[in-house]
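Got your viewer open? Keep the selection box handy, and we'll hop from stop to stop together.

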Amino acid sequence: MSEQTQEPGGAAPRRVVVAGAGMAGVQTAAALRERGFAGEVTLIGAEPHQPYDRPPLSKAVLLGTAESSAFDVDFEELGIELRLGCEVTGLRPGDHELDTEAGPVPYDVLVIATGAEPLRLPGAEGVPGVHLLRTLDDAERLRPVLAGRHDIVVVGAGWIGAEFATAAREAGCAVTVVEAEERPLAGVLPAEVAAPMTAWYAEAGVTLRTRARVARVEPGAVLLDDGTRLPAGAVVVGIGARPATAWLAGSGIALGTHGEVVADAHLATSLPDVYAVGDCASFPSARYGERLLVHHWDNALQGPRTVAANIVGGPEERAAYDPVPYFWSEQFGRFVQYAGHHADADRTVWRGDPAGPAWSVCWLRGGRLVALLAVGRPRDLAQGRRLIESGAALNPERAADPARPLKSATV
């Protein structure tokens, strides 16, 4: 990776351009001002709307209890130039120019924060009544569907599928969730941890069909590969997302196996004067000994602080980015939180009965807490996150007692 922006004795950057006006892009622009950056800051967003937060889209905005989720940021007061409704189309690092629909934009430092885009269901594009839920426009198109209490088929039992199904049931819709794998959250959580969550669907009045693949979508129906025909006033697709980086083709920037921008520990890319942050970038974690690609809100909030620090500071002050990943999900009346990364854990410790309303799972590696999932136990999550950050070792027997504070299980 190349050294970024300020070499000893070199001039500070005069213009920072941020490509992407979601959480990561907005926070990068704001953090630059907080750090005292006095040069030009230009924030470019593909959508015409005032930059907004995404989590409320599957909740308050979708259900009509909030009209928007615009960020409470005074861009004019901060001296941040907004260019909205302007899609980025390419990058020419040799010229230090970003190509957009409105023409080239020169930069001294570029921050790539274009996020991720939802995967589409093959064969469903152009079929009336098929929806994604990623943007404000998506939520506004789905709002009347929920208000009309249509029969809804959700394809995918991941986080977004569960959250949408929750909102649709709250609106009084009949909901069927179709999942190709044998359980919800397959590939995200181990089978024994995801298993208790399967019952949540039936409790909420949602029909969950696992090991079911969509053969075809037609107006008003979803056909499964076993011949089942599901009535569908609307179909919502939630089968995952991929980094929005296709526009970087031909730029020479290093991309990873998932199409994400490969960033170093300082969130610098393989190109001079270019950083990447948020859903579109992976970074090496010394804490976990592997490269992480984190598609969650907290990563888009935390990473920009590191980027801004490294743009404003000199090479000798460069900050490393190695967070404890964190996310939450509200589904079927439960508040689910996760911190850490459990892939290499060698022991699992349960706190509480997973059939009950509140329980947690701790993952240990070499006796140290590396990840924690908490259902309705926010104190476990708060204490566990701090224990993961500090590399604390736990006594498994004490940690398994849900009546004891998790922090009291340290050794």
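**Stop 1: a hairpin and its neighbour**

Start by selecting alanine 221 and proline 231: alanine 221 stands opposite proline 231 in E15. A quick word on the labels: helices (H or I, at least four residues) and strands (E, at least two) are DSSP runs, numbered from the N terminus. Before you go further, know that this is a predicted model, where local features need pLDDT of at least 70 and side-chain atom pairs count only at pLDDT 80 or more, while totals for chains, interfaces and linings use all residues. Residues are numbered from 1 along each chain as its sequence is written, and side-chain values use heavy atoms, with hydrogens and water left out.

Now select strand E14, residues 221-224, which is joined to E15 by 3 bridges, the two running antiparallel. Two strands pair if DSSP finds at least two bridges between them. On to E13: 4 bridges join E13 to E14, again antiparallel, and here glutamate 218 stands opposite alanine 221. E13 and E14 form a hairpin with 2 residues between them, and glycine 220 in that turn has a positive phi of about 90 degrees.

Show the three strands together and you have an open, antiparallel sheet in the order E13-E14-E15. Which strands are at the edges? They are E13 (214-218) and E15 (229-231), each pairing on one side only. Neighbouring strands in this sheet are turned by 20 degrees against each other on average, direction ignored. Axes here are lines fitted to C-alpha atoms, for helices over the stretch in contact, and angles run from 0 to 180 degrees between N-to-C directions.

Next, select arginine 211, in the loop between strand E12 (207-209) and E13. Its phi is near 50 degrees, a positive value in a residue other than glycine. Is arginine 211 buried or exposed? Arginine 211 is exposed, because its relative accessible area is 62%. (Buried means under 20% relative accessible area, exposed over 50%, partly exposed in between, with a 1.4 Å probe and protein chains only.)

**Stop 2: a mostly covered strand**

Jump to strand E25, residues 359-365, where 6 of the 7 residues are buried. On E25, click cysteine 362: it counts as buried because its relative accessible area is 0%. Valine 349 stands opposite cysteine 362. Add strand E24 (residues 347-351), which 5 bridges join to E25 in an antiparallel pairing.

Then add strand E26 (residues 368-375), joined to E25 by 7 bridges and also antiparallel. Arginine 365 stands opposite arginine 368 in E26. In the hairpin of E25 and E26 there are 2 residues between the strands, and glycine 366 takes a positive phi near 60 degrees.

Glycine 367 is in the loop between E25 and E26 too, and it counts as partly exposed because its relative accessibility is 27%. What does glycine 367 touch, leaving aside its neighbours within four places in sequence? Ala392, Ala393 and Leu394 are in contact with it, where contact means heavy atoms within 4.5 Å. Now try a distance: glycine 367 and proline 104 are 263 residues apart in sequence and 53 Å apart in space, C-alpha to C-alpha.

**Stop 3: a strand covered on both faces**

In a regular strand the side chains alternate between the two faces of the sheet. Select strand E7 (residues 109-112): Val109 and Val111 on one side and Leu110 and Ile112 on the other are all buried. E7 runs parallel to strand E1 (residues 15-19), with 4 bridges joining them, and valine 17 stands opposite leucine 110. E7 is also parallel to strand E19 (residues 274-276), with 3 bridges, and isoleucine 112 stands opposite alanine 276 there.

Slide to leucine 267, in the loop between strand E18 (261-262) and E19. Its phi is near 65 degrees, a positive value in a residue other than glycine. Leucine 267 counts as buried because its relative accessibility is 3%.

**Stop 4: two helices crossing**

Finally, select helix H1 (residues 23-34) and helix H7 (residues 297-312). Their axes come within 8 Å and cross at roughly 35 degrees. The contact is made by residues including Met23, Ala24 and Gln27 of H1 and Trp297, Ala300 and Leu301 of H7.
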